[in-house]
Amino acid sequence: MATVELSIDLGSKFITIFQKGIGPVLREPAFAIVTKVRNRLEIREAGYRAQSIMSGSLGGAKFIAPIKEGVVVDEEMAAMILKYFLDKILPKTFIAPRIKAIVSICSSSSGSERRAVEKCCLKAGIKEVTLVEAPLSLLAYTGSIGGLFLDIGGGKTEISAVTNRGIAAGCSVNIAGDAFNNAIIDNLYMHYGVKVGEYTIENLKKSALSFYTNDEGSYAVSGGGSTGSPKSLIVTAKDMRDAVIPLVDDLIEVIMSVLNQTPPELAAEILRKGIFVTGGSLHIPGLLEYLERALELPVTPLRDGENAVAIGGAKFFDNKELLGDMLGVRLN
C-alpha cells in the first residue's frame, strides 16, 4: 500500500496542505455549504467556491465554518471538509493510500482541543497524526536556531519566542483579521449610522486598508441604515485606519510582554534578527513599518508566508530528531 505524507496547517480561516515530494497542493477557506439529504448533511461546495456562494442566496442550504479562532468547534463538519479536500488532491486509486500527516495547530490549544483535531483528522481518513504547534513549524521553515514569530491569522494572532528546544515564551490573542473587520464595521456604524456586511468589509479591507497616513483613498460601499433602509456611504482609508490602529497598538503591547518573558540568550538572537511575520494581514500596506517603529526592531515578512507553516511542518518528515527535541518526546 502506498503511503502519502502530508503537512497540514489547520488555521482559523484556511486549511493549507503540503504533500511530500510535490509541494503545496491546496490552500482553501475552511468553509462549506451543506444541504440535508435523507437527514444527513452533505457538502455541496467547500473552500473558495463556498466562499463565493456565501455572498449570495443559499436557498435551503447552510453555511458552515467549523473552525473558530484556531479551535475545531464542529468536529463532524471539520472532518467532512478535510476529507473533501483530501479527496480533491489525492489520486483516485483502487487501493486508497495510507495517509500520514503532521498537523500544525495553535500553540495555545488545550488538551481537549488537541484531541478534537486528532479525531477530526482520523475521521477524515488520515491513519497517523502528529500534532505540532504552528510556531515550531515556522522555525523549521526558516531553518533558524531561534526567533520571534508573529502569525496574524483570521481569528487569532500567535506571538511566540521559539528555539529548537520548543516555545520559550508566547501567547495567542483574538486580535487578528476578524477583529479588524469588526472594528471597521463598528466604526462606520458609530460615525455614519450604516451597518456594512462582513463580506463587503473583508473585500474593502483587503483592497483599501492602509497604515500610510498619506493614503487618502475613498471608496463607495452600501449597507443598512439605522432605519433599516439601504444606504450608501463613502469610506476613506483614514476611517479604516482609525478603527484598526487601537487594536494594533494593543497587539504591540502583547508582543512587548512576550519579549520581556523571553530568556536573555534568545532575546539577544531576536535583537539581531528582528521579528518574523506571517499571516494574511502582513499584506496591509504600511503595517510592517508601523510595527517596526513601535517595537524598534526589524520586522521581516516570511517569503511564501501563506504556505510557510505547512512547508515548515513538512521539514519534520526528514528530521524526526528535531521534532522530537521540540516536542520533548522520542519519535520512531
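Tutor: Axes here are lines fitted to C-alpha atoms, and angles run from 0 to 180 degrees between N-to-C directions. The model under discussion is predicted.

Student: At about what angle does helix 2 run to strand 3?

Tutor: Helix 2, residues 75-89, lies across strand 1, strand 2, strand 3 and strand 9. With respect to strand 3, its direction makes an angle of about 140 degrees.

Student: Which strands are the edge strands of the open sheet?

Tutor: The sheet has five strands in the order 3-2-1-9-10, with mixed pairing. An edge strand pairs on one side only, and this holds for strand 3 (23-29) and strand 10 (128-133).

Student: Which residue in strand 3 stands opposite phenylalanine 14?

Tutor: Strand 2, residues 14-19, pairs with strand 3 in the antiparallel sense over six bridges. Opposite phenylalanine 14 stands proline 29.

Student: Why does the span of helix 5 agree with its number of residues?

Tutor: Helix 5 comprises 16 residues, 177-192. The expected span is 1.5 Å times one less than the number of residues. The helix should therefore span 22 Å, and the distance between its end C-alpha atoms agrees: 22 Å.

Student: Which helix gives the largest share of the largest nonpolar core?

Tutor: This core has 48 residues, and Ile255 is among those with the most contacts inside it. Isoleucine 255 touches Leu148, Leu150, Ile159, Ile275 and Leu295, not counting residues up to four places away in sequence. The largest share of the core, 11 residues, comes from residues 237-261, that is, helix 7.

Technical notes. Residues are numbered from 1 along each chain as its sequence is written. This is a predicted model: local features need pLDDT of at least 70, side-chain atom pairs count only at pLDDT 80 or more; totals for chains, interfaces and linings use all residues. Side-chain values use heavy atoms; hydrogens and water are left out. A nonpolar core is a set of buried Ala, Val, Leu, Ile, Met, Phe, Trp, Tyr and Cys residues joined through side-chain atoms within 4.5 Å. Buried means under 20% relative accessible area, exposed over 50%, partly exposed in between (1.4 Å probe, protein chains only). Helices (H or I, at least four residues) and strands (E, at least two) are DSSP runs, numbered from the N terminus. Contact means heavy atoms within 4.5 Å. Two strands pair if DSSP finds at least two bridges between them.
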